[in-house]
Amino acid sequence: MKKGLAILLWSASPARPHLCSAPFFHAAAAAAMGATVEMYFSSESVELLRAGVAGELPAGPLERETVQHFMRHAVDQGAKFFACPQAMQERRLAKSELIEDVTDIAGAAAFAARALEDDWATLVY
């Protein structure tokens with residue numbers, strides 16, 4: 001079995017909240033199974049890490065939960081969040097504006113390194 005799961009988010013964004021729950025479901029499930037889980041937020045997805053954004057986004061058409069709820073569940077299971085520095089720069093997003101659950105700043109090279117490791121799997125949303 002693989003030891004880790006690296007998840008890249010680039011199309012799951014505040015503009016498409018209906019796409020945002022699945023990455024966090026999979027992250028929480030893999031972490032609960034004992035895998036190390038790293039989630040890399042690039043492009044528009046980095047906006048999910050801006051304080052106050054995910055809490056305002058309904059996760060589905062019934063609007064029972066917010067995207068923040070599912071993000072919190074993934075973190076509670078052990079998932080780590082990484083914000084892409086280029087995406088942050090493009091959106092004028094300062095590190096001080098990120099939610100406290102962000103582990104670090106890491107971009108394409110960090111995700112690619114994980115993707116090239118034999119004992120890691122990758123998912124892209």
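**Exercise 1. Which residues is serine 21 in contact with, leaving aside its neighbours within four places in sequence?**

Before the solution, a word on the model. This is a predicted model, in which local features need pLDDT of at least 70, side-chain atom pairs count only at pLDDT 80 or more, and totals for chains, interfaces and linings use all residues. Residues are numbered from 1 along each chain as its sequence is written, and side-chain values use heavy atoms, with hydrogens and water left out.

*Solution.*
- Step 1: place the residue. Serine 21 sits in helix α1; helices (H or I, at least four residues) and strands (E, at least two) are DSSP runs, numbered from the N terminus.
- Step 2: list its partners. Ala59 and Phe70 are in contact with serine 21, where contact means heavy atoms within 4.5 Å.
- Step 3: check its accessibility. Serine 21 has a relative accessible area of 8%, so it is buried. Buried means under 20% relative accessible area, exposed over 50%, and partly exposed in between (1.4 Å probe, protein chains only).

**Exercise 2. Describe how α1 and α2 pack.**

*Solution.*
- Step 1: choose the descriptors. Two packed helices are described by the angle between their axes and the distance between the axes.
- Step 2: read them off. Helix α1 (residues 21-32) and α2 pack at about 20°, and their axes are 8 Å apart. Axes are lines fitted to C-alpha atoms, for helices over the stretch in contact, and angles run from 0 to 180 degrees between N-to-C directions.
- Step 3: classify. That angle makes α1 roughly parallel to α2; angles under 35 degrees count as roughly parallel, over 145 as roughly antiparallel, 65 to 115 as roughly perpendicular and the rest as oblique.
- Step 4: find the residues. On the α1 side are Ser21, Phe24, Phe25, Ala27, Ala28, Ala31 and Ala32, which meet Val67, Phe70, Met71, His73, Ala74 and Gln77 of α2.
- Step 5: sort them by class. The contact of α1 with α2 has 10 nonpolar, three polar and no charged residues. Here Ala, Val, Leu, Ile, Met, Phe, Trp, Tyr, Cys and Pro count as nonpolar, Asp, Glu, Lys and Arg as charged, and the others, Gly among them, as polar.

**Exercise 3. Work out the surroundings of glutamate 47 and alanine 12.**

*Solution.*
- Step 1: locate both. Glutamate 47 lies in the loop between β2 (36-41) and α2 (67-77), while alanine 12 belongs to the loop between β1 (4-9) and α1.
- Step 2: compare with the cut-off. Glutamate 47 counts as buried because its relative accessibility is 18%, and alanine 12 counts as buried at 1%.
- Step 3: look for a polar contact (a pair of N or O atoms within 3.5 Å; within protein, one must be able to donate a hydrogen and the other to accept it, and residues adjacent in sequence count only if both atoms are side-chain atoms). The side chains of glutamate 47 and arginine 50 make one, at 2.7 Å.
- Step 4: add the residues beyond four places in sequence. Glutamate 47 touches Pro14, Val53 and Arg91; alanine 12 touches Leu19, Cys20, Pro23, Ser45, Leu48 and Tyr125.

**Exercise 4. Examine phi at serine 43 and arginine 92.**

*Solution.*
- Step 1: recall the background. Most residues other than glycine have a negative phi.
- Step 2: read the values. Serine 43 has a positive phi of about 50°, and phi of arginine 92 is near 50°, also positive.
- Step 3: place them. Serine 43 is in the loop between β2 and α2; arginine 92 is in the loop between α3 (85-90) and β4 (102-105).
- Step 4: check accessibility. Serine 43 is partly exposed at 30%, whereas arginine 92 is exposed at 75%.
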